[in-house]
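Thanks for making time, everyone. Have the sequence and the model open while I talk. I'll start with the whole chain and then work inward.

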Amino acid sequence: MMRGRDGGQKKHLVPSLCLIVLFLGFIVLYYGSFFGPRGQHANSALEYGSRISRSIGWSNGDNGEVGKSEESIFGQEDGEDGLIPKSFPVCDDRHSELIPCLDRNLIYQTRLKLDLSLMEHYERHCPQPERRYNCLIPPPAGYKVPIKWPKSRDEVWQVNIPHTHLAHEKSDQNWMVVKGDKIVFPGGGTHFHYGADKYIAHLANMLNFTNNNLNNEGRIRTVFDVGCGVASFGGYLLSSDIIAMSLAPNDVHQNQIQFALERGIPAYLGVLGTKRLPYPSRSFEFAHCSRCRIDWLQRDGILLLELDRLLRPGGYFAYSSPEAYAQDEEDLKIWKEMSALVERMCWKIAAKKNQTVIWVKPLTNDCYLNREPGTRPPLCRSDNDPDAVWGVPMEACITPYSEQNQRDRGSGLAPWPSRLTTPPPRLADFGISTDMFEKDMEIWRQRVENYWSLLNAKIRPNTLRNLMDMKANMGSFAAALKDEPVWVMNVVPEDGPNLLKIINDRGLMGTVHDWCEAFSTYPRTFDLLHAWTVFSDIEKKGCSVEDLLIEMDRILRPTGFIIVRDRKPVVEYIKKHLTALHWESVATVDAEPNSDSEDGESIFVIQKKMWLVDESAKDVA
């Protein structure tokens, strides 16, 4: 009987305690009254993300569709209902390398049914708003401002990426070596132990290029390196005026892309799985796979056909793998089947030497049209848009060339560096004239000059390396920075015209993305983010502006910069979040002189403070 009475009392007590806890939690989370930068756990941050998204009407409903707020929060007194946080929770230390849309814990927790043999577990799977960790990701203990380019190509601070397993696992291949407080990159790889520079010269020699230079007098500018390791191949191409998109999944070789970006080498987390890679057709002159452990024959050659979609007319695929040279029965069988497949795809061997074969694509559609009827793989259907990439499944078919490619017997692109400023033929796909293209270049040249004058007091010549243009249009922001020691990840919105093919045709690099979701990169990988009307676009789509602010903080390095170019109410709204985000204002100016319009554009330059989670819990400017 006594146990029964205790149980009854507990039934009354528990709801009361729950109400008290919920009330205190609300006060703490919104007004930052007694949360310091330590002790925030994933659950509290997750609950915060769910509650703040719902409170301003931007979280997904039960049907999974985005729900727009009818009234803009920009320009209101303090957001909606005065809910501007004075602080954000700090993520638990175990989330210091969180990539929200490539989070294997999320896959386990939500019990997604994925086909591991197709690499679906390495593709993007983003959390619903109520499951997002809306917290600030702390740097690892002892984090230092990264080593500057060009020294960073060869060494990084060990404390910034405290993972040495690759150094031990690949010690015989010269991937990386631990030396004191640094990790050093000798330039080796699984197939090129003695250095990427010698291997690159060897590839150029195989193709009889002048001076053993792989850029072939500017004709090869954009390279796709699949299964790139720590991206030494891409890193050593830069001195030849070649830019590579180095791609690898977040797999058993964890942190390889993180090392690449810490080194200042262009790289992206992705996998050849079931979805198209986020690049339009005919984006690259040269593709490379060195011991990349990809089964190119699976599913009727669908992965090789995806590579074919990405290569330009006359593009090369360099393949260094045991199948190209080994004499055992299994490798000979694979080589025979792969040779038959590429022959049906109209590829030809450009060179084969020792352990490497280089195939070349045809310049026109002639070979495709002359194949025997019923030859597989087939040509893609006429309604199959080769430039639709965001979440689009791969197909086992050959992407034919456009009428322009057929007429010009190739891509029709100028060699680098003229390519950067020469109007590419695919401008016609968007109805963009040469005059519009040239005017865009001049506008952004002036804008970038203005940006750098605002940053001048804060930066030195080598302060910036990894830049991102979050809404790149035709890539003229990046083009204006040609003479700076930087590279730019040009991001094109997934729901607009796919101008990424113009960007790639100019010899620049980028990807397609939806800013309602997290970007496929590690925390702390970019030195500067440029956001031109990105916040206004996000609000129109009904997505959370606070989620975007937190995502930008995640991918921005401590002491890094953000340039917001947007409507004045947007800038004022962002200013209210500076304290909570540990950001500080550098400059605010009108985009157009003497502009009094409330909806006129402002330029807002922000710097992220260096803050560490330690016993003193200090913010260091």
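**Overview**

Of the 621 residues in the protein chain, 56% count as buried. Keep in mind that this is a predicted model. The chain has 18 helices and 19 strands. Take the contacts between residues at least 6 apart in sequence: 71% of them join residues at least 24 apart. The chain exposes about 26,900 Å², and carbon and sulfur atoms supply 51% of that.

**The cores**

Now the inside. In soluble globular proteins, nonpolar side chains tend to be buried together. Here, the largest nonpolar core has 93 residues. Which residues have the most contacts inside it? They are Phe224, Trp296, Leu304, Phe317, Met468, Trp515 and Phe535.

Look at Phe224. Leaving out residues up to four places away in sequence, Phe224 touches Met245, Leu247, Leu277, Tyr279, Phe284, Phe286, Ala287, His288, Leu307 and Leu310. There is also a second, separate core, with 32 residues. Ala478, Leu481, Val486 and Trp532 are among them.

**Around Leu310**

Stay with one of those partners of Phe224, Leu310. Leu310 sits in helix α8. Leu310 is buried, because its relative accessible area is 1%, under the 20% cut-off. Beyond its neighbours within four places in sequence, Leu310 is in contact with Phe224, Leu277, Tyr279, Pro280, Arg282, Ser283 and Phe284. Pick out Pro280: Leu310 and Pro280 are 30 residues apart in sequence, yet 6.8 Å apart in space, C-alpha to C-alpha.

Another contact of Leu310 is Arg282. Arg282 is in the loop between β6 (267-269) and β7 (284-290). Its phi is positive, about 55°, although Arg282 is not a glycine. Is Arg282 buried or exposed? Buried, with a relative accessible area of 9%.

**Helix α9**

Next, two helices. First, α9, residues 329-344. How far should its 16 residues span? At 1.5 Å a residue, 22 Å; the end C-alpha atoms are 23 Å apart, which agrees.

Its buried residues are Asp331, Trp335, Met338, Leu341 and Val342. They cover an arc of only 130° around the axis, so they lie on the same side of α9. Here is the background. An α-helix has 3.6 residues a turn, so residues three or four places apart point the same way. On the other side of α9, Glu329, Lys336 and Glu343 are exposed.

What covers the buried residues of α9? The cover includes α8 (298-310), β8 (311-320), β9 (348-353) and β10 (356-360). So α8, the helix that holds Leu310, is part of the cover over α9.

Now the ends. At the start of α9, a side-chain oxygen of Asp328 comes to within 3.3 Å of the backbone nitrogen of Glu330. After α9 comes Cys346, with a positive phi near 75°.

**Helix α12**

Second, α12, residues 434-455. Its 22 residues should span 32 Å at 1.5 Å a residue; its end C-alpha atoms are 32 Å apart, which agrees.

The buried list in α12 is Phe437, Asp440, Met441, Trp444, Arg447, Val448, Tyr451, Trp452, Leu454 and Leu455. These cover an arc of only 145° around the axis, which puts them on the same side of α12. Turned away from that side is a face with the exposed residues Asp435, Lys439 and Glu449.

The buried residues of α12 pack against β11 (466-469), α13 (476-479), β14 (526-532), β15 (556-567), β16 (583-590) and β17 (601-608).

**Backbone points to check**

Last topic: backbone geometry. Most residues other than glycine have a negative phi, and most peptide bonds are trans.

Where are the cis peptide bonds to look at? One joins Arg376 and Pro377, with omega about 5°. Pro377 is in the loop between α10 (366-369) and α11 (403-408). Another joins Trp416 and Pro417, with omega about 10°. Pro417 is in the loop between α11 and α12.

Then phi. You have already heard about Arg282, at about 55°. Add Arg524, also not a glycine, with a positive phi near 60°. Arg524 is in the loop between β13 (509-513) and β14. Arg524 is buried, with a relative accessible area of 4%. And β14 is one of the strands that the buried residues of α12 pack against.

Conventions
Residues are numbered from 1 along each chain as its sequence is written. This is a predicted model: local features need pLDDT of at least 70, side-chain atom pairs count only at pLDDT 80 or more; totals for chains, interfaces and linings use all residues. Side-chain values use heavy atoms; hydrogens and water are left out. Helices (H or I, at least four residues) and strands (E, at least two) are DSSP runs, numbered from the N terminus. The expected span of a helix is 1.5 Å times one less than its number of residues. Buried means under 20% relative accessible area, exposed over 50%, partly exposed in between (1.4 Å probe, protein chains only). The arc is that of the directions from the helix axis to the C-beta atoms. Contact means heavy atoms within 4.5 Å. A polar contact is a pair of N or O atoms within 3.5 Å; within protein, one must be able to donate a hydrogen and the other to accept it, and residues adjacent in sequence count only if both atoms are side-chain atoms. A nonpolar core is a set of buried Ala, Val, Leu, Ile, Met, Phe, Trp, Tyr and Cys residues joined through side-chain atoms within 4.5 Å. Accessible areas come from the Shrake-Rupley method with a 1.4 Å probe; for residues, only the protein chains shown count as cover.
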